[in-house]
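The following exercises concern backbone geometry, helix packing and cysteine chemistry. Each task sentence is followed by a solution in steps.

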2 protein chains.
Amino acid sequence: LGEDVTIKKRIMAPGPTEVPPTVLGAAGQPILHHRTPQFRAIFAQVCEKIKLVFLTKQPVITLAAGGTGGMEAVIINLSDPGEKVLVVSGGVFGERWAKIAEALGRVPVKVNVEWGQAVKPAEIEAALTANPDAVLVCGTLSETSTGVEHPIEAMAKIVAGSKAAFAVDAISGLGACRLKMDEWGVDAVVAGTQKGLMMPPGLALVALSEKGWAQARTKKGPKFYWNLETALKSLTAEKLPDTPYTPNVSLIMQLAESLKLIEAEGMEAIWKRHELLSKATRAGVNALGLKLYAPDSPSVAVTSVWAPEGLEGTAIVKKMRDEWGISIVGGQGKVKTAIFRIGHLGYADRADVLMTLAALEVVLEELKVTVPRGQGVKAAQDVFLGK
Amino acid sequence: LGEDVTIKKRIMAPGPTEVPPTVLGAAGQPILHHRTPQFRAIFAQVCEKIKLVFLTKQPVITLAAGGTGGMEAVIINLSDPGEKVLVVSGGVFGERWAKIAEALGRVPVKVNVEWGQAVKPAEIEAALTANPDAVLVCGTLSETSTGVEHPIEAMAKIVAGSKAAFAVDAISGLGACRLKMDEWGVDAVVAGTQKGLMMPPGLALVALSEKGWAQARTKKGPKFYWNLETALKSLTAEKLPDTPYTPNVSLIMQLAESLKLIEAEGMEAIWKRHELLSKATRAGVNALGLKLYAPDSPSVAVTSVWAPEGLEGTAIVKKMRDEWGISIVGGQGKVKTAIFRIGHLGYADRADVLMTLAALEVVLEELKVTVPRGQGVKAAQDVFLGK
């Protein structure tokens, strides 16, 4: 670990996020064999409770995989090779949908959105009209690379009027940004554990709507590990749920702990907390004279900021991490050095935001950026004080 | 634990302090039987390395006990019932020496110091002159209750000129405040693990000088668990050190980890870090218009602050803990409600100080204290920027 007592390690990135002590501690439990009633009883609880986070009545499939594996599962199960998949591309993760589709022989059709902007529902409508044979529309709840939150509810309404299913990458958004799968009519939601679920990475979660499951049953393309119907059968065949292949037992145990915390806080409160932390972060950054990269549709999970004139975002990130132990991140793709991003999701609280802004003020001054030190913190405090 | 995701738990108290992840993790190791070469090899390393923290060549005795047990061991081993023990009393922990001495049939003679002040070496000199039959002088390195650091080096010089031995309660000071046992000529140093050693409570450490050991051998009062000569024999009789009774194995394993971190940082750097953090904390508090309780001889381990006019320190402490998760503490004894105290020792860094001041600013405003929010943080930043 190379632990340095003088600089504690803190994650203020848009994932992985910090993990609460009780969730960390849950990884220290003995490994239960997964084909036992003991493990399956815990798994049963997890499978029930996770629905509260997705806001769905549908089963949620757990996959021993990173979030990208969950995205691949959605593409593979809801489309066949040669079929058209509409993809909202306005950042690295929207683009990832297209890359997966392309690699697996689907035909991605991109709805290109300017980076830093959210897609307009009308653009989805136009794309569906132009491509009536599209079987799937893929969007992103929180586009981590740009710090944009897309209008999933409005998008879902439009896709619902088409034959296509609507899949949402909620990997970095679930448990931070508002998302009501059933109420909004989203057909596939993918999540990962290392974001709003406040856990280590390594577990992907996928839920399909009735329309989604019906569509999946019509697709005959090759699949094995990602076969969601196989997983569904294991989940529902007997009284206690099971998985077709070995689940990552420790992460399931940790998810059980994390879900206790999520249930105790409640989804509405969780969303409000993220709204508050992001509002305070934006206020702080603005008060320092910095410019937001996505001012019009900022994600509540991550705040993206233009690096000051003449400075690379990576320089700020490096000093924050090396000298303050605070892991914020730079940009990705074409804004790799132009922006930096502060995550405030999952296990993050108000003190984290104040600390991050206070350290950022020092770092900026050391990088010869003139900032009104103290004022970034004060602006965030104002938000917390309801001013 | 009642973990609350919205308010992370952070300790900014003068002990117990936060524990680094690698040290916490060391408690998860299997319990080694203590009478094995495996455990004793680890114990041997711990017994050697701990000397670097005490700055002594003498053996350091570990006792499965709280710090107060270590103080009792010093009284019991370096004095006999009926003998005079001079005690510097200017706070709860100086007073504790007197209480122990009294309870065990010694004759405590107090050098009373005004709370919030350090003892003047001349006062020790006068007390020794008035009590030439005193066998022991007991002082406190960092008087946690008042936030005062006593002039141990100067005190040691004076006591060295007498027949008495000089014992220092360094429980909350070791690993934070400068202390050079051998060079300064301190005869007994007591420490605990839950302070500068960045560990859970439960282990006391006692080192005696040659003069101390010689004096201990002349004392015949009843003792068993606290008998330091017995412990010394176990420590040195064989090639690998041992303890007369069962040691707290897990804490020894954790101490091994903690000492790695301490060795990596180095004592001079550790002292400087505490000097920096305490200077920044005092600057921040001053900038908010609050008054320091011990401005003349502040401890680098803890900053004590007068509660603002009309407000009890406990009200500030409660809001900091309940609404921000930051455990600072109120006063003790006669200043229980008049002051509050911020600890910045052990596993504490600059971001902790900025965060604490930022939260304190909000709490004070909510308690209707007019403070220039942002300015406390800025003053601390100034210190970190070397301004």
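**Exercise 1. Contacts distant in sequence**

State where Lys157(A) lies, and classify Lys157(A) as buried or exposed.

Solution. The model is a predicted one. Step 1: Lys157(A) belongs to helix H6 of chain A, which covers residues 152-160. Step 2: its relative accessible area is 62%. Exposed means over 50%, so Lys157(A) is exposed. Step 3: Pro121(A) is 36 residues away from Lys157(A) along the chain, and the two C-alpha atoms are separated by 8.9 Å.

Carry out the corresponding analysis for Asp322(A) and Ile7(A).

Solution. Step 1: Asp322(A) is placed in helix H12 of chain A, residues 313-324. Step 2: Asp322(A) has a relative accessible area of 35% and is therefore partly exposed. Step 3: along the chain, Asp322(A) and Ile7(A) are 315 residues apart, whereas 8.1 Å separates their C-alpha atoms.

What is the C-alpha to C-alpha distance between Thr22(B) and Gln254(B)?

Solution. Step 1: Thr22(B) is found in helix H1 of chain B, residues 21-26. Step 2: with a relative accessible area of 23%, Thr22(B) is partly exposed. Step 3: the distance from Thr22(B) to Gln254(B) is 8.4 Å, C-alpha to C-alpha, for a separation of 232 residues in sequence.

**Exercise 2. Cis peptide bonds**

Determine whether the peptide bond from Gly15(A) to Pro16(A) is cis or trans, and examine its counterpart from Gly15(B) to Pro16(B).

Solution. Step 1: in chain A, omega for the bond from Gly15(A) to Pro16(A) is near 0°, and the bond is cis. Step 2: Pro16(A) occupies the loop between strand S1 (10-11) and helix H1 (21-26) of chain A. Step 3: the bond from Gly15(B) to Pro16(B) is cis, with omega near -5°. Step 4: Pro16(B) is located in the loop between strand S1 (10-11) and H1 of chain B.

**Exercise 3. Positive phi outside glycine**

Locate Lys368(A) and Leu55(B), and give phi for Lys368(A) and for Leu55(B).

Solution. Step 1: Lys368(A) sits in the loop between helix H13 (350-366) and H14 of chain A. Its phi is near 70°, which is positive although the residue is not glycine. Step 2: Lys368(A) has 74% relative accessibility and so counts as exposed. Step 3: Leu55(B) is in the loop between helix H2 (37-54) and strand S2 (60-64) of chain B. For Leu55(B), a residue other than glycine, phi has a positive value near 55°. Step 4: the relative accessibility of Leu55(B) is 27%, so this residue counts as partly exposed.

**Exercise 4. Helix packing**

Describe how H13(B) and H14(B) are oriented relative to each other, and identify the residues through which they meet.

Solution. Step 1: helix H13 (residues 350-366) and helix H14 (residues 375-384) of chain B have axes 8 Å apart and pack at an angle of about 160°. Step 2: H13(B) is therefore roughly antiparallel to H14(B). Step 3: the crossing of H13(B) past H14(B) is right-handed. Step 4: H13(B) contributes Arg350(B), Val353(B), Leu354(B), Leu357(B), Ala358(B) and Glu361(B), which meet Gln375(B), Gly376(B), Val377(B), Ala380(B), Gln381(B) and Phe384(B) of H14(B). Step 5: seven nonpolar, three polar and two charged residues make up the contact of H13(B) with H14(B).

Analyse the packing of H11(A) against H14(A) in the same steps.

Solution. Step 1: the axes of helix H11 (residues 267-287) and helix H14 (residues 375-384) of chain A cross at roughly 150° and come within 7 Å. Step 2: H11(A) passes H14(A) in a right-handed crossing. Step 3: the H11(A) residues in contact include Leu276(A), Leu277(A) and Lys279(A), and those of H14(A) include Val383(A) and Phe384(A). Step 4: the contact of H11(A) with H14(A) comprises nine nonpolar residues, three polar and one charged.

**Exercise 5. Cysteines**

How many disulfides does a search of the whole structure find, and why is Cys138(A) not bonded to Cys177(A)?

Solution. Step 1: the search over all chains finds zero disulfides. Step 2: the closest cysteine sulfur to that of Cys138(A) is in Cys177(A), at 18 Å, which is too far for a bond; a disulfide requires sulfur atoms within 2.5 Å. Step 3: Cys138(A) has 0% relative accessibility and so counts as buried. Step 4: Cys47(A) is buried as well, with a relative accessible area of 8%.

Methods: Residues are numbered from 1 along each chain as its sequence is written. Chains are lettered from A and ligands numbered from 1 in the order in which they are written. This is a predicted model: local features need pLDDT of at least 70, side-chain atom pairs count only at pLDDT 80 or more; totals for chains, interfaces and linings use all residues. Side-chain values use heavy atoms; hydrogens and water are left out. Buried means under 20% relative accessible area, exposed over 50%, partly exposed in between (1.4 Å probe, protein chains only). Axes are lines fitted to C-alpha atoms, for helices over the stretch in contact, and angles run from 0 to 180 degrees between N-to-C directions. Helices (H or I, at least four residues) and strands (E, at least two) are DSSP runs, numbered from the N terminus. Angles under 35 degrees count as roughly parallel, over 145 as roughly antiparallel, 65 to 115 as roughly perpendicular and the rest as oblique. A crossing is left-handed if the near helix is turned anticlockwise from the far one by less than a right angle, and right-handed if clockwise. Contact means heavy atoms within 4.5 Å. Ala, Val, Leu, Ile, Met, Phe, Trp, Tyr, Cys and Pro count as nonpolar, Asp, Glu, Lys and Arg as charged, and the others, Gly among them, as polar.
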